[in-house]
Amino acid sequence: MADGRINYDPQFKPVQNIYEDRLRQFTDRGGDYHDLNLPKFYDKKRISLDQDHVKIKWYQVPFPQGSSPVSPDKRPSWESVIKSDEKGELNFQNASKGQPFGPSWSTTWFKVHLSVPQDWVDTKEQLLFDFNCNNEGVVIDPKTLLPQTAFSGGERTEYLLPKQEDGNYFFYIETGNNGMFGCGAGSTINPPDNNRYFHLDKADIVLPDWEARGLYIDFWMLSDAARELPGETWQKHRARQLANDVMTMFDPNDRKSVGKCRAYLKKEYFDKYTDDRAVYFQGDDQHLTNVYGIGNCHIDTAWLWPFAETKRKIVRSWASQCTIMNEYPEYQFVASQAQQFKWLLENHPKFFNDVMIPKVQDGQFIPIGGSWVENDTNVPNGESLARQFFFGQRFFLKYFGVKSDVFWLPDTFGYSSQIPQLCQLSGLNKFLTQKLSWNNINSFPHSTFNWAGIDGSVLLTHMPPGNTYTADSHFGDVLRSARQNKSNEFYGSGLMLYGKGDGGGGPTREMMEKMRRIRSMSNKNGNVIPKLQVGTSVDEFYQDILERTNNGENLPTWNGELYFEFHRGTYTTQARTKYLMRKSEIIMHDLEWIATKTSILYQDEYHYPVKEINDLWENILLCQFHDVLPGSCIEIVYKYEAVPMLEQVVEKCSSLIANAINFLKEKSENKKTSPIATLNWISSNNIKEEEADQFSARVDETEDHFTLNNGKLKVTISKHSGAIISIKDLTTSTEFLDIKNGKNKLGANQFVLFDDKPLSWQAWDTELYSILQFKYLQEIKKVAIIRNSHSECAIEVVIKVSDECSIKSTISLKSTTFETQNASKVDISTLVRNWDARNKFLKVEFPVNVRSEYASYETQFGITRRPTVYNTSWDVAKFEVCHHKFADYSEYTKGVSIINDCKYGFSTHGNLMRLSLLRSSKAPDAHADMGTHQINYAIYPHSGQLGADTVKLAYEFNYSNRYDVPKDIKEQFNDIITVSGDKNIILSNIKRGEDDASLKSNYSLNPHKEKSIVVRLYESLGGESRTSLITSLAVDYVCKIDNLELKTYEKCDFIVSEGKKHTTEIPVVLRPFEVASYKITFA
C-alpha cells in the first residue's frame, strides 16, 4: 500500500462564467428563486395598507383643465393645507393600493396614521414606512412643518420611523404628480403626457431584518468585485469563490445563517469596519487614495419640469440629505445655485435656518459654485456672466458667511473662453465640470489640468474621471473613477460625484453603505481595489492637487474655450427665448446706465431702484440656466415661465427708465428734449436725423438686377433669385462676394433649409451629416423696390418655404457721409412667417471673397478664433459654433462681418459664412420655435482685418434705443463718465456701487457712506491698450476692484483739470482681452 495520498473525492475547477452568472440569483428580488435566497429574509414582518395598522387618506389639490400648471394655487403651501385640514375644510378620502393619482403636474396630499404592533415596538429595532406612489413626495411633520425625507419611486421609498414607545405615528405626505424626470410620453425626453396618472403601489410598515439587508450590500459589492476586477488579479477570483461559498453556506430555512455568512465575509474579504465610519481611517497610509467620494444632488432648475416644481424638488432632496447626515457622520454633501437656496429660504425658512444651516456650520452640507444658477456659458453676454458670480457669491456671503472658490458646473453645453478670467475676478480659482466626457468626436485629453482663458487667467480644473455627476456608488463607479484618470502622470486621484441627479434626489443610504464596503475591501485586499475616501471635502481635494503638483505648475494647460462637441443645436433652439434674453440684457444695460447717472446727479432726490434692478437681474440670470436658455426644456417652461418672465423684465425696465426720464424732465426748466444713446462713443452730436454732407442712397434697375448705391457700397440683387450677387466698395473697387467658387453660387442672403435629424436629443443636437443634406429656397414670390429715398433704399424679397410658411427679407442701404462711409453696411430685416417645419434647420448664407484659416467670433468680452478648415478631427467638430453680436472672416487686406440682433449659431468654412436662424425640433417641446420670427442682421464689408469698427457697429446694431432727455441736462448727463483712448477698449456697463449705504441694497454686505459708480471696461480685440476714464464731477478716490466689488486690486491715480470744464481723468492700461472694473467715488 502506498504511503502517499489517495484521491477518493476528485474536485473540479469551477467554470468562471457560470459561477459569476450564478451570483445575481442570491440577491434577486424577482426571478424563480427569490424565496430560496436572501430576499426571503429582507423583512421580518410587513403590513400593507389595511386602513387599520396603516390608515391613509388622500386629498387632491384642484387642477382645472386648461389652467396654468405652474400657478401658485397648484402647489399651495404646507401650512395652508394643514391648517385647512385641521379646520375640516378639506375632503380627505380613504386611499387604496393601485389607486391612480393625477393628472400630470397636479398635487396630491396623503394623511398617514400608523399603528405599529406592540411586539414590533418592543424589539427596539429601527422600523420603516415603505411608500411608493411612483411620483415625487415628501414626509411632513404636522407639528413642526419640517420635512423628514423624500419619496421618489424606485430608489427612495423608505422612511425610517422615529422611535416612539406607543407605536403610533401621524404625518402628511405631499406628492407632485410627476416622476423624477417629469412626465415624458414613452421616453423621458419626449414631450410630456399631460394626462398621466401615478399609482399607489406600496404603503407598508416594515420590521426589517437589518442583518439580512447588511448581507445584501456585502454580497452585492463582493459579487461586483468578482465581475469587474481585472482577470489577472487574485482578488477577483477570491471574491468569486467567497461569494459562491456564501451561497452554499446560506440556509433559506434558517435566518441565523445570515449572520454566519456576514461573519465569514468579514473574516475573509472585508475588514471589521464594514458598518462603521471608522472604515475610512483604516488601511495602508502609503497607498494613494485613488477616489474621493463627494455627495451631490444635481437639480436642474428647470428641464423636463417647470421652475415651480423645482422649488419642491429642492426641499424634498435636501431634506433627505440632512436626514442621511444624521446617520452617516462621514457624509459630506455639496449643493450649488444661489437661486435654489433663495427659493428654499422663501418657501421653507424654518428648514433653511433650523435644519440646513446647522449642517452647513458642521461642514456636512456645503454650499458651492458661486453662481446664481448652473448657467449656460455660451449665450449669456459678458455682463450676465459677471452678474451670475456677483449675485451668487454675495448671496453665499450674506447667508453662509463664506464665498465659494470652486466654480461648480458639472452639466452645461460648452465653456466660454472668458470663464477663467471672470471666475478669478469673482474669487473663484478652481473649476469642476464633466460634460466634455460627452464629446461625440474627440476624447478630451485631461482629467486634472490648468484651463487658461483668452486673457491668460487660469483655473485649476478637474473633470471627474468617472464621467458622471450622478454615480450610484457602485463598485464599477469607483473602479472607473480610478481607471479612467487621464492625468495619472501628474495627479493620480479623482473625485467621484455620487447621488441621484438631474431631477434631484441625491445620495441614498444604500450608496453610503456600498462605499463603506468598498473601502473595507480595499483595506483588506490592497489597492487593486481602489482606495475610496469619504469625508474629504472638495476644498481639501483641490488642496491635495496643489500640494502634489507644485501648486498646479506641473499640470498641463488647455488654452481658450472648452468647446463641447455635442448639443450644438442649443445655440439656436427656442429662438423667442434667446431673442428676449438679448433684449433683456440690452435694456438692463440701459436702465443701469440711465438710473446710475440720474442718481449721481440727484442723489438726494432720485431713488436708485436697486431692489427692482436686483430682482430683474435675478430673473434674467434664472432664465440663463443651462437647459432654459439653450432651449432644451419642455414647453410649459417657456410658455408659462421663461418667456413671460423675460417679457416682464423688458416691460419693467422700460417702466423704470421712463420713471428716470420723467424725473429728469421734472428737474429741467427747459421743456425741449434731445435723444441720448447708452453707448459712450455715440455723442449727442452724432444723433441727427439729417446730415449736411450726405452721399444719398439710390436704386438702379436693369432687366435682371436691382443695384443699391450710396457712394461707398454698390450692392447688386438678382431679380430672379432675390440673392445679393455682388457687394463692391466703390472707393477701392474691392469685391466682397464670391459666387464663382465654393458651394454657394447663388449669392448672399441666400436661405437654405437643412435636414435636422440628430441621432438623439432633438432640441440639443444638430449633426455633422446634416450639413450635406440641404435645399436652397428658390421659390421666389417677389423681388421689388419698397423704399427709394435719399436717406435709404430697400428691396423686398419674398420666398415660399411651404404652403403656410414664407420669408420676407428686406435688403436696405442707408446714405452715408465722408465721416461715416467706412461704417457703411448692408442691413437685412427678415420676417419668417408661420415657421411650421419638422426637423429642419433654416440658415442664411454669405459666400465671401475671403480666404483664411480662421474666422473670429465675438464671445463675452472678447473674441474666439475658430478654424475654417477641416484639417483635424478637432477642426471637424466645430462645424457649428456659438457667437454673439458678430462673426468676422478676414484676410490681411479685407474682410466681412455678419452682425445680428438675436442669433447665436454660426459656421464659416471655405468661402462660406452661415448664420443659423431657426430649428424645428419636436422633443422635448413639440412646438419649439413654431410661429413667426423677426430677425435682423447686416453685412459689413471692411478693409483690413477685424477691427474696432466691427465691434462698435455690432454694439450700435443692438444697443439702438434712444431716450429723450431735457436739452439743458443732456451735456451734464453724458459727461458723468466717458472714455478717450484706444478704440478697442469698450466701456460696457456702469452701475452704482452695491455697498453705497444710501441705496440700501438687499445685496449690500459692508455699507459705506459714499456716492460711487462702478465702470466696466474690456479690451475687445486682443492687444494691450490704453484709454482714460473721464468724468466732469469731483472725485474723491478711484480704485480697480474685483467683480464682487469687495476686493481692491489697486488704488488708481487721476488727473484733475481746471479749465473751461472741470474734468477728472483716470489713465487705464488693459492687457489683451482684460475685463476691468473701476470704482469711482465722488466727492
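**A buried strand and an enclosed cavity**

In this predicted model, strands β51 (residues 1035–1041) and β55 run antiparallel and are joined by 6 bridges. You can pick out one point of contact by eye: tyrosine 1037 has threonine 1081 of β55 as its bridge partner.

β55 has a second neighbour to look at. Strand β49 (residues 1011–1019) also pairs with β55 in the antiparallel sense, this time over 8 bridges. Here, valine 1015 stands opposite tyrosine 1078 of β55.

Now follow the side chains of β55 itself. Val1075, Ser1077, Lys1079 and Thr1081 point one way, while Ala1076, Tyr1078, Ile1080 and Phe1082 point the other way. Residues on both sides are all buried, and buried here means under 20% relative accessible area. Since 8 of the 8 residues of β55 (residues 1075–1082) are buried, the strand is largely enclosed by the rest of the structure.

From a buried strand, let's move on to enclosed space. Searching the whole structure turns up 9 cavities of 30 Å³ or more, and the largest cavity holds about 230 Å³ of space. To find this largest cavity on your screen, look for Asn381, Gly382, Lys885, Tyr955 and Tyr959, which lie nearest its centre among the 20 residues that line it.

Which elements build that wall? At least two lining residues of the largest cavity come from each of α10 (382–400), α15 (575–601), β38 (854–859) and β48 (985–992). The most come from α15, which gives 4 residues. As for chemical character, the lining of the largest cavity is made up of 7 nonpolar, 8 polar and 5 charged residues.

Key. Residues are numbered from 1 along each chain as its sequence is written. This is a predicted model: local features need pLDDT of at least 70, side-chain atom pairs count only at pLDDT 80 or more; totals for chains, interfaces and linings use all residues. Side-chain values use heavy atoms; hydrogens and water are left out. Buried means under 20% relative accessible area, exposed over 50%, partly exposed in between (1.4 Å probe, protein chains only). Two strands pair if DSSP finds at least two bridges between them. On a 1 Å grid over the protein atoms alone, a cavity is a set of points where a 1.4 Å probe fits but cannot get out, and a pocket is an open set with protein on both sides within 12 Å along at least five of seven lines; lining residues have an atom within 4 Å of a point. Grid points are joined across faces, edges and corners, and a volume is the space filled by probe spheres set on the points. Ala, Val, Leu, Ile, Met, Phe, Trp, Tyr, Cys and Pro count as nonpolar, Asp, Glu, Lys and Arg as charged, and the others, Gly among them, as polar.
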